Amino acid sequence: MSTVNSDKQATVPPAFAKRRWVLPAALVEDLYPEPRRPGGRPRRTARDWVVDFACFLLAVAIGLLAADALDQEPDLSPAMAVADQLIGALACAAVWLRRRWPVGLAVAMVPVSLVSATAGGAVLAALFTLAVHRPFRYVAWIGGTSLAVTPLYYWMRPEPGLPFLASLAIAFLLAVTVLGWGMLVRSKRQLLLSLRDRARHAEAEARLRAEQAQRLAREAIAREMHDVLAHRLTLLSVHAGALEFRPDAPREEVARAAGVIRESAHEALQDLRQIIGVLRAADSDDAGRPQPTLAALDALVAESRAAGMRVTLADRVPDPGAVPAAVGRTAYRIAQEALTNARKHAPGTEVTVSVTGAPGAGLALSVRNAPPRGEVPHVPGSGQGLIGLTERATLAGGTLEHGPTPGGGFEVRARLPWG
């Protein structure tokens with residue numbers, strides 16, 4: 001079976017899945033689709049057999065009652081009475097074909113209703129089946145035609161002991177009742193199918209929302225891993241490169257570089273464990289260790305200085321702890337990524353980090369580096385971090401700009417809401 005069919009079955013309540021026999025075959029085919037040969041018809045359920053037998057027996061009962069009344073028609077010859085009963089018997093037998101050809105049977109019953117009184121029950125069964133299985137336009141045309149020829153029948157064969165208008169009113173009432181009942185059954189089936197479709201659409205939308213939430217979570221985790229691990233691994237690369245190109249460095253410098261490498265590797269491992277823990281526990285980004293905020297900017301600058309960078313911090317925020325956690329964390333990640341980029345693309349240059357802001361006025365962050373000295377080799381994947389920073393600032397309700405400075409350097413500027 002296809003995936004669509006599986007989705008259809010999944011939307012059916014379990015209570016109905018165990019009691020298919022109480023549903024019509026048309027609904028079972030739509031709710032429980034199963035592969036069948038081309039052109040084949042759905043298998044009748046137990047309910048269908050009961051309804052078909054009831055319609056057949058009702059048509060036979062009405063035909064027998066009409067056959068008993070044929071003797072009361074003085075102008076009806078014996079041959080006509082036999083023909084009437086024969087046509088009525090064939091019409092009752094044709095009731096078993098009502099599901100296969102509802103329109104054809106109803107059309108055939110229109111002329112039959114003009115010549116056979118014993119076919120009255122079969123005519124009503126055909127009209128009922130037409131109203132159940134076909135749209136209203138078929139009911140309007142065929143049912144209207146059947147009602148239009150009814151006066152002609154009673155004009156040719158008046159009902160014994162009953163006025164013409166009374167006979168006509170009773171026939172109209174029966175036909176309209178049967179047609180209305182059939183349309184009511186059809187509307188209930190259409191309502192059930194529409195509820196099924198709405199349930200399927202709701203499930204599909206829920207799956208899409210879940211997939212979108214997972215995708216957004218993966219993107220957030222990927223940004224977090226990039227922001228955190230890129231900074232740590234850059235420190236590792238710088239000091240490992242220094243040890244590689246200066247094997248004769250003094251013992252104190254080698255020990256200091258090895259300490260920075262060890263500490264950076266330890267911090268990178270801790271950050272990686274934290275992110276994996278968030279993935280396993282399906283918690284928010286605030287789970288695990290406390291996330292860095294603007295108050296941790298001094299430690300970030302000190303760490304960069306320990307790695308050999310020349311960083312100047314101009315922090316003009318009176319109380320960094322008063323900055324909202326989300327805004328402070330965004331500013332910290334922007335500064336961290338900007339310092340990482342400066343270390344990769346302009347090594348050895350002076351970097352200035354400036355932070356200003358107050359409640360109600362917003363928070364402004366600027367990271368500027370001087371032009372690089374000499375030729376700097378191209379770093380694969382350049383620019384991806386700035387794309388992530390722009391998205392992070394936008395999600396926080398702020399803006400981020402970046403570009404070269406007039407002197408040949410590079411600057412990252414961000415404005416974030418505060419208050």
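Biologist: What area does the protein chain expose, and what share of it do carbon and sulfur atoms supply?

Modeller: This is a predicted model, where local features need pLDDT of at least 70, side-chain atom pairs count only at pLDDT 80 or more, and totals for chains, interfaces and linings use all residues. Residues are numbered from 1 along each chain as its sequence is written, and side-chain values use heavy atoms, with hydrogens and water left out. Accessible areas come from the Shrake-Rupley method with a 1.4 Å probe; for residues, only the protein chains shown count as cover. The protein chain exposes about 23700 Å², and the carbon and sulfur share is 63%.

Biologist: How many helices and strands does the protein chain have?

Modeller: Both are DSSP runs, numbered from the N terminus: helices are H or I with at least four residues, strands are E with at least two. On that count, the protein chain has 13 helices and 5 strands.

Biologist: What percentage of the protein chain is buried?

Modeller: Buried means under 20% relative accessible area, exposed means over 50%, and partly exposed lies in between (1.4 Å probe, protein chains only). The protein chain has 419 residues, and the buried share is 39%.

Biologist: Among contacts between residues at least 6 apart in sequence, what percentage join residues at least 24 apart?

Modeller: A contact means heavy atoms within 4.5 Å. Of the contacts in the protein chain that pass the 6-residue limit, the share joining residues at least 24 apart is 69%.

Biologist: Which residues of the largest nonpolar core touch the most other members?

Modeller: A nonpolar core is a set of buried Ala, Val, Leu, Ile, Met, Phe, Trp, Tyr and Cys residues joined through side-chain atoms within 4.5 Å. The largest has 37 residues, and those touching the most other members are A91, V95 and M109.

Biologist: Which element gives the largest share of this core?

Modeller: At least two residues each come from α4 (46–69), α5 (78–94), α6 (102–115), α7 (120–133), α8 and α9. The largest share is 9 residues, and its source is α7.

Biologist: Apart from this core lies another; how many residues does it have?

Modeller: Its members include L300, A331, V351 and V355. The count for this other core is 30 residues.

Biologist: Which residues does M109 touch, not counting those up to four places away in sequence?

Modeller: M109 is one of the residues with the most partners in the 37-residue core. Beyond four places in sequence, M109 touches A91, A94, A122, V123 and A126.

Biologist: How many residues of α7 are buried?

Modeller: The helix reaches 20 Å from its first C-alpha to its last, close to the 20 Å expected at 1.5 Å a residue. That expected span is 1.5 Å times one less than the number of residues. The covered residues of α7 include G121, F128, T129 and H133. α7 is mostly covered, and the buried count is 12 of its 14 residues.

Biologist: How many residues of α12 are buried?

Modeller: Helix α12 (residues 325–345) reaches 30 Å from its first C-alpha to its last, close to the 30 Å expected. α12 is mostly covered, with a buried count of 17 of its 21 residues.

Biologist: With which residue does R98 form a salt bridge?

Modeller: A salt bridge is a side-chain nitrogen of Lys or Arg within 4 Å of a carboxyl oxygen of Asp or Glu, and the structure holds 6. For R98, the closest N and O atoms of the bridge are 2.8 Å apart. R98 lies in the loop between α5 and α6 and its partner in helix α4, so the pair ties together parts that are 46 residues apart in sequence. Both residues are buried, and the partner of R98 is D52.

Biologist: How far apart are D197 and R200 in sequence?

Modeller: They form a salt bridge with closest N and O atoms 3.5 Å apart. D197 is partly exposed at 26% relative accessible area, and R200 is partly exposed at 24%. Both lie in helix α9, about one helical turn apart, and their separation is 3 residues.

Biologist: Which residues are joined with R368 into one salt-bridge network?

Modeller: R368 pairs with E411, the closest N and O atoms being 3.0 Å apart. E411 lies in strand β5 (residues 410–416) and R368 in strand β3 (residues 362–369), so the pair ties together parts that are 43 residues apart in sequence. E411 is buried at 9% relative accessible area, while R368 is partly exposed at 38%. Through shared partners, R368 is joined with E401, E411 and R413.

Biologist: Which element gives the most residues to the nonpolar surface patch?

Modeller: Patches are made of residues with over 30% relative accessible area and no salt bridge; like charges are joined within 9 Å, nonpolar side chains (Val, Leu, Ile, Met, Phe, Trp, Tyr) within 5 Å. This one joins L152, W155, M156, F164 and L165, with about 580 Å² of accessible area together. The elements giving two or more residues are α8 (136–156) and α9 (164–245). With 3 residues, the one that gives the most is α8.
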